[in-house]
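Please look through the structure shown below with two questions in mind: how individual side chains are placed, and how far the coordinates can be trusted.

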Amino acid sequence: WGLFLLAAALGATAATRCPAPCVCDNLRAHVLCLNGSLTAIPDTIPELTRKLDLRGNSFMVIPAGAFLATPYLTHLDLRHCKVERLEEGAFRGLGRLVYLNLASNGIALLYQESLDGLFSLQQLILEGNRIEEIQLGAFGHLASLSVLDLRANALVYLPDMIFQGLQVLRWLRLSHNALHVLGTEAFAALPALRRLSLDHNELQALPGKALARLDGATRLDLGHNPITYVAEEALAMASLRHLFLDHAFLQDVAPDAFARSPQLRILDLRENQLQGLPPLAGAGGLVRVSLDGNPLLCSCLLRPFHKWLARARVQAEGACAAPPALRGRSLNSLKSPEMRCSRLQPPPSPTTPPEQPSSAGSRQCPRGCVCSPDFHHGSCENRDLREIPRDFPEDTQLLDLRRNPFRTVPPDAFPGLKELVSLHLQSCSIRELQPGALRGLESLVYLYLTNNHLSTLAAAAFEGAPQLAYLDLDHNAFTRVPADTFHLLPNLISLHLQHNTIRELVEGDLAGARGLRWLYLAGNAIRHIAPAALAPTKMLEKLQLEGNHLSEVPTAALRGLPALSELKLSRNPIKHMGDGVFLPVASSLQHLYLDNMGLEQISRHAFTGLGPKIRSLYLESNKMSNIPDMSNFTGLEILNLQDVPFHCDCQLLPLHRWINKLNLCVGATCGSPAEAQGLKVKLSTAFQTCPGWGQGEAEETNPNKTKAASKPSKKKRLGKSPARGFSKSRA
């Protein structure tokens with residue numbers, strides 16, 4: 001009765017108050033204002049609204065008290081709304097809100113009171129913003145929060161007690177940031193945390209002191225960090241069961257590295273530089289060690305580890321890289337006598353850490369800057385400096401010079417910093433990197449030049465920085481890719497050139513970028529990609545081209561990219577899609593983004609070659625009325641068909657049948673004919689008069705009628721469904 005009164009009240013109110021660009025579902029108390037031109041939160045949203053979806057608008061700022069008129073909200077979606085600032089008290093009054101999604105915006109700073117009033121909030125999604133700073137106390141009012149997603153931001157360090165107030169948080173996601181320093185008490189206020197994701201950051205050592213505060217955490221993701229060594233008793237996490245240290249730079253692990261994590265069951269060390277491991281003392285509960293992708297030397301030096309595996313009954317995954325006679329042999333298949341040593345090889349010895357760097361010398365910290373000898377971290381952020389300061393300690397590994405008006409980076413700007421790994425020069429009004437600017441930075445891996453005024457790059461600017469792997473040039477003034485730059489960067493993995501004004505990609509633009517894996521070109525003005533423009537990047541895995549001016553799929557340019565797994569073409573004005581447009585990457589493609597393009601027609605054979613490997617397909621917010629057969633997409637985990645005006649006649653019957661078999665929420669609705677408009681394709685009765693509508697559909701709509709005949713065997717019921725997982729699109 002209460003729900004009936006709520007729906008009735010909302011219906012009466014919505015009839016007169018539903019904002020013009022929005023759609024109000026009175027019965028479910030939902031309001032949708034998608035992909036519009038709203039620049040302010042509408043003040044005429046029905047008061048009793050419970051779910052409000054504002055994706056794809058242009059709010060820029062969420063002012064204080066923006067939602068005071070809708071105090072009954074439980075779900076609020078503000079993705080892709082160009083939000084740059086959350087004023088203090090922005091969500092005040094939303095005491096019933098349990099889900100808040102602010103992903104894919106431009107937020108750079110979380111103020112102390114930005115999230116005030118959200119004491120019932122359970123999920124907070126801030127993925128894909130530009131958050132560089134979180135003020136202490138920002139999460140102090142979120143006493144019910146269980147999931148905090150801060151992936152893909154610009155966080156460099158976490159101060160002590162930054163997460164204070166999150167007493168019931170269970171999963172903290174910090175992947176894909178630039179984290180280099182963690183305060184020893186950074187996680188001290190998280191008693192309920194069970195999972196911590198720190199992968200894809202810049203941690204150069206296991207942050208053992210910070211992690212020791214997480215007594216209840218059972219899973220820790222630290223992969224894709226430049227960690228070279230795991231020291232003695234480096235990890236003291238009493239409940240840890242799953243540890244991921246894959247794709248790092250590990251060269252050695254101490255024998256008792258995990259002795260203080262007695263519950264450890266799974267240890268993932270894939271794709272490192274390990275030639276072997278010692279017996280892991282104290283890791284008595286270990287069940288599996290993954291060593292695939294390491295250059296394992298299966299000589300007598302590996303015998304102690306091999307014997308320990310058998311004695312402790314630990315399963316090992318990995319294969320020998322040497323000697324030649326054993327190359328390719330799995331660890332589990334080896335016999336001790338086969339692992340021989342030549343006369344030139346030394347006998348096994350206890351693991352010792354890599355040689356430590358020499359003393360930092362007598363250098364102090366430049367005036368006005370802050371240097372942390374414990375973390376090898378220097379910072380002169382926002383000090384109104386006109387010239388780059390010198391005389392930082394020689395063992396400095398991270399240097400933060402953001403928000404200073406340098407305008408130019410002169411030759412030899414960073415003398416003596418041979419150990420510098422990460423350099424932050426964002427928002428420094430830089431117009432030029434002079435030749436030799438980075439000379440001497442022989443350990444530099446990360447260079448951030450976001451939000452400057454660069455329009456060209458001299459190749460000689462990168463001379464002397466051969467280890468550079470991550471180059472971020474987003475939000476500059478490039479009108480073309482800075483060609484001839486990459487020959488001096490043989491280790492470049494990731495290149496960001498988003499939100500510039502690049503108009504085309506031509507042959508030679510990426511010459512020398514042989515190891516490039518991730519190329520980000522979103523938000524430019526690209527109209528054309530030459531067939532050979534991407535040819536040098538044969539290892540490319542991720543290509544993001546969303547928000548450009550492409551009028552067709554660049555099929556010819558995709559040839560020769562055998563590893564491409566993700567392709568984003570969202571928000572390009574591609575109206576028609578012809579046959580076989582993805583055929584060059586059909587054998588590797590897993591994630592395909594074709595949303596918000598105004599797509600009107602997809603050819604019957606457009607997806608030729610694509611099939612079970614496709615895991616996610618985004619087609620929402622387009623204009624086509626039908627889509628080709630995708631029945632062989634058996635590996636789908638995400639399929640988004642929202643806001644597509646499907647014409648629900650007999651030609652759509654195959655899609656209707658296929659959707660009914662999927663264990664996914666796809667959001668497909670009928671746009672026509674008039675009698676079916678707004679109905680779910682999955683549930684529409686418009687197909688019941690179609691030729692071929694038969695016993696199968698009858699059983700789906702009336703399962704009780706043929707329950708005995710249609711009941712599957714127990715084995716089939718427990719088998720793998722055609723597509724699994726939870727779709728990001730909601731019906």
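**Two residues and their surroundings**

Leaving aside residues up to four places away in sequence, H30 touches V23, C24, D25 and K51. The model in which these contacts appear is a predicted one, and within it H30 belongs to strand β2, which covers residues 30-32. With a relative accessible area of 14%, H30 falls under the 20% limit and is therefore classed as buried. Its side chain also reaches the backbone oxygen of R28, at 3.3 Å.

A second residue to follow is W171, which lies in strand β13, a run of residues 171-173. Is W171 buried or exposed? Its relative accessible area is 22%, and because buried means under 20% and exposed over 50%, W171 counts as partly exposed. Beyond four places in sequence, W171 touches S146, V147 and L148, and also L193, R195 and S197. With S197 there is a polar contact between the two side chains, at 3.1 Å. A192, for its part, is 21 residues from W171 in sequence, while the C-alpha atoms of the two are 8.9 Å apart in space.

As for confidence, the protein chain has a mean pLDDT of 86, and 89% of its residues reach 70 or more. Over residues 344-361, however, pLDDT stays under 50, although the model has 22 contacts for this stretch beyond four places in sequence. Residues 698-731 also have pLDDT below 50, and the model gives them 44 contacts beyond near neighbours in sequence. Where pLDDT is low, the predicted coordinates should not be read in detail.

Note on methods
Residues are numbered from 1 along each chain as its sequence is written. This is a predicted model: local features need pLDDT of at least 70, side-chain atom pairs count only at pLDDT 80 or more; totals for chains, interfaces and linings use all residues. Side-chain values use heavy atoms; hydrogens and water are left out. Helices (H or I, at least four residues) and strands (E, at least two) are DSSP runs, numbered from the N terminus. Buried means under 20% relative accessible area, exposed over 50%, partly exposed in between (1.4 Å probe, protein chains only). A polar contact is a pair of N or O atoms within 3.5 Å; within protein, one must be able to donate a hydrogen and the other to accept it, and residues adjacent in sequence count only if both atoms are side-chain atoms. Contact means heavy atoms within 4.5 Å. pLDDT is the predictor's confidence in each residue, from 0 to 100.
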